Amino acid sequence: MRTAIEHESELLAAARAVREHAHAPYSRFKVGAALLDEQGRIHAGCNVENAAYPQGTCAEAGAVAALVAAGGSRVMAAVVVGEGPRLVTPCGGCRQKLREFATEDATVVVADLNAVRARFTLGELLPSSFGPEHLA
Ligand code: THU
């Protein structure tokens, strides 16, 4: 397993706390995410579902929006918290959303309410990715 990132315990606490606010009446699957920005600040988000199902948003998307709204510009690390027998890794769309603000060596921690279950780099989750550099 990869080594723990700086601020990991604070990111875990933030992701677990915001997960409690998830609006997930349809899936009953609550997710929390916390991101570390380039200034050492933490931004959190939870999934927000909608009666018109496709309009729901993932926890990571909410956290990215919070980071940008606060004036952040880089995702240095991410923590995603969900419960269940399988690892709650970011969905494909959220991997790309993170990629917009992160390099491939950024750490993505997958955890539940009790423990860190896995650590990845974004490059492992989204290899050979397309990013902002392609349009520079
Ligand atoms: N979900 C997230 O918020 N993040 C993930 O990484 C995986 C899935 C949400 C979307 C939906 O509200 C619920 O979990 C079930 O898919």
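In this predicted model, a polar atom in the side chain of Asn47 sits 2.8 Å from the backbone oxygen of Phe29. Asn47 belongs to the loop that runs between β2 (42-46) and α2. Both Asn47 and Phe29 also help to surround the ligand, so let's start with Asn47 and then look at the ligand and at helix α3.

**Asn47 and its surroundings**
- Asn47 has a relative accessible area of 7%, which is under the 20% cut-off, so Asn47 counts as buried.
- Setting aside neighbours within four places in sequence, Asn47 is in contact with Ala22, His23, Ala24, Phe29, Lys30, Val31, Thr57, Cys58 and Ala59.

**The ligand**
- Around the ligand you will find Ser27, Phe29, Val31, Asn47, Glu49, Cys58, Ala59, Glu60, Thr89, Pro90 and Cys91.
- By residue type, this shell has six nonpolar, three polar and two charged members.
- The side chain of Glu49 places an N or O atom 2.5 Å from an oxygen atom of the ligand.
- From the backbone, Ala59 has an N or O atom 2.8 Å from a ligand oxygen, and a polar backbone atom of Thr89 is 3.3 Å from an oxygen atom of the ligand.
- On its own the ligand has 370 Å² of accessible area, and the protein covers 76% of that.

**Helix α3**
- Helix α3 spans residues 92-99, and its residues Cys94, Arg95, Leu98 and Arg99 are buried.
- Viewed down the axis of α3, these buried residues fall within an arc of 150°, so they line one face of the helix.
- The partners they pack against are β1 (31-36), α2 (59-69), β3 (77-82) and α4 (122-125).

Methods
Residues numbered from 1 in each chain as written. Predicted model: local features only at pLDDT ≥ 70, side-chain atom pairs only at ≥ 80, totals over all residues. Heavy atoms only, no water. Near = heavy atom within 4 Å. Polar contact = N/O pair within 3.5 Å; in protein donor to acceptor, adjacent residues only side chain to side chain. Areas by Shrake-Rupley, 256 points an atom, 1.4 Å probe, with all protein chains shown as cover. Nonpolar A, V, L, I, M, F, W, Y, C, P; charged D, E, K, R; others polar. Buried < 20%, exposed > 50% of the residue type's maximum accessible area, 1.4 Å probe, protein only. Helix = DSSP H or I, 4+ residues; strand = E, 2+ residues; numbered from the N terminus. Arc of directions from axis to C-beta. Contact = heavy atoms within 4.5 Å.
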